[in-house]
Amino acid sequence: MEQIRPNHLGAANFEARTVKEIIEPAKSISNKVSVKVALDEMQALAIDSFPVIDQRGELLGTVSTNKMNREVGGLGHDPKTEPVEAHIQKNSAYCLEDQTITEAEQMMLDAKVGEVPVVTREKLLIGTISIEAVTRQKNARGERWGP
């Protein structure tokens, strides 16, 4: 790993910092719960999507309120008995804890998302990183990004 170097302002070189330095706690849901449980919890937390994990804590993907409402309600399934596992988006964006913050930021911009789960190399969910957290870190350090 590249060593973090101070810049001319005395702030750490942001490009060398890793995601695990600014990770935030992750809220997740088990793949074994019902769609209703997932939707109720998402509504209580005022969020649109949730990382889904298995019993080991491995990230399986994400679920979204829009997709579950369309697929469950729209097809007449009972949300109380319909498993959330059937509605996991498996190709969701995520980043590894040892990726640089710059890489994570670019990945979120490319995927057009404001937040992604952070996992270990074994794909165990350990937190999240958001564009807002990246911006706060850049502003706090006086870093200038771009050309």
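Here are some questions and answers on the pocket, the cavity and a sheet of this predicted model.

Residues are numbered from 1 along each chain as its sequence is written. In this predicted model, local features need pLDDT of at least 70, side-chain atom pairs count only at pLDDT 80 or more, and totals for chains, interfaces and linings use all residues.

User: How much space lies in the largest pocket?
Analyst: Let's start with the term: on a 1 Å grid over the protein atoms alone, a pocket is an open set of points with protein on both sides within 12 Å along at least five of seven lines. A volume is the space filled by probe spheres set on the points, which are joined across faces, edges and corners. For the largest pocket this comes to about 460 Å³.

User: Which residues lie nearest the centre of the largest pocket?
Analyst: Lining residues have an atom within 4 Å of a point. The largest pocket has 19 of them, and those nearest its centre are Ser49, Phe50, Pro51, Thr62 and Glu115.

User: What is the volume of the largest cavity?
Analyst: A cavity is a set of points where a 1.4 Å probe fits but cannot get out. Its lining here is Leu59, Leu60, Gly61, Lys90, Ser92, Tyr94 and Lys123. The volume of the largest cavity is about 30 Å³.

User: Which strands stand at the edges of the open sheet with the order S4-S5-S6?
Analyst: Strands are DSSP runs (E, at least two residues), numbered from the N terminus, and two of them pair if DSSP finds at least two bridges between them. This open sheet of 3 strands has mixed pairing. Each edge strand has a single partner, so one side of each is left without a neighbour in the sheet: they are S4 (95–96) and S6 (125–130).

Key: Heavy atoms only, no water. Helix = DSSP H or I, 4+ residues; strand = E, 2+ residues; numbered from the N terminus.
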